[in-house]
Amino acid sequence: MAIRDILRVPDERLKQVSAPVQRFDAALRLAIADLEETRLAGPAAVGIAAPQVGWFERVVIVDVSTKRGVSSHGHLVLVNPEIEHWDGYEIGREGCLSVPDYTGNVIRATRIRLVAQDPSGERRSYEMEGFEARAVQHEIDHLDGLLFIDRVVSRRTDLFRRKVYATQPTSGSALRR
Amino acid sequence: MLTLVGEDRPGIVARVTTTLTEAGCNLGEASMIRLGGNFTIMLMICGDLAGPDLERLLAPVAADLHLRVHVDPASGGLHHHVVPNIQVRVMGADRAGIVAAVTTALARAGFNILELQSDVAGDADRPVYIMNIQGCSERTVESLREAVAHLHAQGIAVDISPVDTLIG
């Protein structure tokens, strides 16, 4: 196992489209182990995509289980992932190991349905929402040569609510919303 | 820190930054926005020119574009970003004192404002004040909500939610 170097903007290789994984062998599992070790070595990243370490195949790792109060499928290794269905949208702040010291607001689907293979090639499907769905969309973008900075919207235009919170009692409200 | 304020028209940023670049200045972080129809920009500049030199350099452009120029010495550098963990959305019938009431309540709760934007929406008869604040707090969202709860009785809706920045 080894920690690999993370490609950083403006490295042109981050814009390339990664190829589907064909062989589910020991070499794949070793490369996945390196990818995970690299994810854990940096700042607290909830995900990493293979092209971020210069490996241009369709593999991502996502694990949002360390975030408090976030529902998730735990630690996921997604090989050849494909989003089949998107639903809703919300704005959220993102950063990236490949874009150090910058965060920005990005619109993502709230809920997604996803199919992917696991490291042994078994097909699985997932339904997910919120933070986990955001993380998966962020990582799959890497496989298609896209970074979150390609999708950033203005900080000043906060049109989309991330979530609806009932903040105030509505009875007797002096304010008409 | 260079501040320019004036009448808005297309091409101001291009004219100003070209002048600065040709004089050997390096531009850093910048924030331009229209406020009440006025052009405003603040930008960090790094270079050998002192404040009065900068003002002299920009004087012809400023006169031409009807801009007022202000220069302050400021320290600055890269990697000073602080990531907000709390978003505050404020809305209320427009009247004096909304900003003071909200930000005072937040300051008492130890909240540090990183970004603040506000707008007046609605129509002339019933203007509505809308403000978005992003900032940092070590307190829980619940305790911040308690800190602003009294504002509801004054007709100010304050919505506080966490900002979970995703690093991936």
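Guide: A residue is called buried under 20% relative accessible area, exposed over 50%, and partly exposed in between (1.4 Å probe, protein chains only). Take B:D164: its relative accessible area is 26%, so it counts as partly exposed. Before we go on, this is a predicted model, where local features need pLDDT of at least 70 and side-chain atom pairs pLDDT 80 or more, while totals for chains, interfaces and linings use all residues. Residues are numbered from 1 along each chain as its sequence is written, chains are lettered from A and ligands numbered from 1 in the order written, and side-chain values use heavy atoms, without hydrogens and water.

Visitor: Where is B:D164 found in chain B?

Guide: Helices and strands here are DSSP runs numbered from the N terminus (helix: H or I, at least four residues; strand: E, at least two). B:D164 belongs to the loop that links β8 to β9 (166-167) of chain B. Sequence distance and spatial distance can be read side by side here: B:D164 and B:P84 are 80 residues apart along the chain, and their C-alpha atoms are separated by 8.8 Å.

Visitor: And the strand before that loop: why is β8 of chain B described as largely enclosed?

Guide: Count its buried residues. Six of the seven residues in β8(B) (residues 156-162) are buried, so the strand is largely enclosed by the rest of the structure.

Visitor: Which strand of chain B pairs with β8(B), and over how many bridges?

Guide: Strands pair when DSSP finds at least two bridges between them. β8(B) pairs with β5 (residues 86-93) of chain B in the antiparallel sense, over seven bridges. To find one on screen, start from B:M91, whose bridge partner in β8(B) is B:A157.

Visitor: How many residues lie between β2(B) and β3(B) in their hairpin?

Guide: Two residues lie between these strands, and B:G36 in the turn has a positive phi of about 55°. The strands themselves, β2 (residues 26-35) and β3 (residues 38-46) of chain B, run antiparallel with eight bridges. One place to look is B:I33, which stands opposite B:T40 in β3(B).

Visitor: Now chain A. In what order do its elements run?

Guide: Starting at the N terminus, the order is α-β-β-β-β-β-α-β. That gives two helices and six strands in chain A. Of its 177 residues, 48% are buried. Contacts (heavy atoms within 4.5 Å) can also be sorted by sequence separation. In chain A, 67% of the contacts with a separation of 6 or more link residues 24 or more positions apart.

Visitor: Which backbone angles in chain A deserve a look?

Guide: Most residues other than glycine have a negative phi, and most peptide bonds are trans. A:N80 has a positive phi of about 50° although it is not a glycine. This residue lies in strand β3 (residues 76-96) of chain A and is buried at 15% relative accessibility. A:D101, also not a glycine, has a positive phi of about 60°. A:D101 is in strand β4 of chain A and is partly exposed, at 29%.

Visitor: Which peptide bond is cis?

Guide: The bond from A:V9 to A:P10 is cis, and its omega is near 5°. Look for A:P10 in the segment before α1 (26-41) of chain A.

Visitor: Staying with β4 of chain A, is A:T103 buried or exposed?

Guide: A:T103 counts as buried, at 10% relative accessibility. A:Y102, also placed in strand β4 (residues 99-117) of chain A, is partly exposed with 34%. A:T103, itself found in β4, shares a side-chain polar contact of 3.0 Å with A:R93. (A polar contact is a pair of N or O atoms within 3.5 Å; within protein, one must be able to donate a hydrogen and the other to accept it, and residues adjacent in sequence count only if both atoms are side-chain atoms.)

Visitor: What does A:E57 touch?

Guide: Leaving out residues up to four places away in sequence, A:E57 touches several residues, including A:S18, A:P20, A:A50 and A:L143. Its side chain also makes a polar contact of 2.8 Å with the side chain of A:W55. A:E57 sits in the loop between β1 (47-49) and β2 (59-62) of chain A, partly exposed at 27% relative accessibility. For a distance to try yourself, pick A:E57 and A:C96, 39 residues apart along the chain: their C-alpha atoms are separated by 19 Å.
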